[in-house]
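This report goes through one protein model, beginning with a strand and its partners and ending with the packing of helices. Please keep the sequence and the coordinates at hand while reading.

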Amino acid sequence: MHTPVLFEHPLNEKMRTWLRIEFLIQQMAFRPQIASHADALHFFRNAGDLLDVLERGEVRTDLVKELERQQRKLQSWAEVPGVDQERINELRHQLKQSSSTLMAAPRIGQFLREDRLIALVRQRLRGRGCFSNSCAISSFDLPTLHIWLHMPQAHRDEQVASWLASLDPLVQSLSLILDLIRNSALFRKQTSLNGFYQDNGEDADLLRLRLDLAHQLYPQISGHKSRFAIRFLALDSEYGIVPERFDFELACC
């Protein structure tokens, strides 16, 4: 039985930021019902990390530019004989709608940034450099969080839902963009020699690799949109073996 494992690696800083945002929002939405201190810390730590990422660059501007770029790509596809025009028009409509929604929305993350509870927890976690699930969650560390966790579950659920809903314009645009990028290239069989493979990126934004779990190997990737290199390493660094020739699937998106 084959168990494929998918690895993704960004080839530019813009894609790195988008993948990071996608991951953090997924983590926040993974436990939308906060019923314990551990649930709370998981949510608020990821919310704080998300705000840190959003504050480091012009995320909205980059997303709008990418939505426009994808519209131009679809326009060129529309001129190819035999293409599914209905699907092309549907995607173009979604891109235009997402762009309009994103432009009309308040500053991304502002609703979370202005929330007093999120700000207090974020400040405490940042001040202590907290990474473990047991860090700074006792009643004397964060009495505000302590009392909030004793509020009715329905109240907390409603508040979490409003926080997540404030990110909808971002989620909608980012999901559409990443879906188009991920599906822009097919997986093709490639072979590494002595655990090494390199190729031209051809202005790609993202590398996607599929490996069989049975080999117990993982990729170490370096490079940028014009050229990249992959080195395969054994999960067991002491006794693991990297085959002289190793087949894997690769998509340059």
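How many of the seven residues of strand S4 (residues 206-212) are buried? In this predicted model, six of the seven are buried, so that strand S4 is mostly covered.

## Overall architecture

The protein chain holds nine helices and seven strands, and its C-alpha trace spans about 60 × 55 × 35 Å along the principal axes. Of the 253 residues in the chain, 41% are buried.

Contacts across the sequence can be described in a similar way: among those between residues at least 6 apart in sequence, 75% join residues that are at least 24 apart.

## Strand S4 and its partners

Strand S4 pairs with S1 in the antiparallel sense, over seven bridges, and within this pairing Val5 stands opposite Leu211 in S4. Strand S4 is also joined to strand S7 (residues 245-252), again in an antiparallel arrangement, by four bridges; here Leu207 of S4 stands opposite Cys252 in S7. Strand S4 thus has bridges to S1 and to S7, and six of its seven residues are buried.

In a regular strand the side chains alternate between the two faces of the sheet.

## His9 in strand S1

His9 belongs to strand S1 (residues 4-10). Is this residue buried or exposed? The relative accessible area of His9 is 15%, and because the limit for a buried residue is under 20%, His9 counts as buried.

When its neighbours within four places in sequence are left aside, His9 is in contact with Asp205, Leu206, Leu207 and Ile221. One of these residues, Leu207, is the residue of S4 that stands opposite Cys252 in S7, while Ile221 falls within strand S5 (residues 217-223).

## The S5–S6 hairpin

Strand S5 is joined to strand S6 (residues 227-234) by seven bridges, and the two strands run antiparallel. The connection between S5 and S6 is a hairpin of three residues. Leu217 in S5 has Ala234 in S6 as its bridge partner.

## Helix packing around H3

Helix H3 (residues 59-78) packs against helix H1 (residues 13-30) at an angle of about 105°, with the two axes 11 Å apart. Angles of 65 to 115 degrees count as roughly perpendicular, and therefore H1 is roughly perpendicular to H3. In this contact, Lys14, Thr17, Trp18 and Ile21 of H1 meet Val59, Asp62, Leu63 and Glu66 of H3, and the residues divide into four nonpolar, one polar and three charged.

How, by contrast, does H3 pack with helix H4 (residues 85-104), and at what angle? The angle is about 160°, with the axes 10 Å apart; because angles over 145 degrees count as roughly antiparallel, H3 is described as roughly antiparallel to H4. The crossing of H3 and H4 is left-handed. Residues of H3 that take part in this contact include Arg60, Leu63, Leu67, Leu74 and Trp77, and those of H4 include Ile88, Leu91, Leu95, Leu102 and Met103. By class, the contact of H3 with H4 has 11 nonpolar, six polar and three charged residues. Leu63 appears in the contact of H3 with H1 and also in the contact of H3 with H4.

Technical notes: Residues numbered from 1 in each chain as written. Predicted model: local features only at pLDDT ≥ 70, side-chain atom pairs only at ≥ 80, totals over all residues. Heavy atoms only, no water. Axes fitted to C-alpha atoms, helices over the stretch in contact; angles between N-to-C directions. Parallel < 35°, antiparallel > 145°, perpendicular 65-115°, else oblique. Contact = heavy atoms within 4.5 Å. Nonpolar A, V, L, I, M, F, W, Y, C, P; charged D, E, K, R; others polar. Pairing = 2+ DSSP bridges. Buried < 20%, exposed > 50% of the residue type's maximum accessible area, 1.4 Å probe, protein only. Left-handed = near helix turned anticlockwise from the far one by under 90°.
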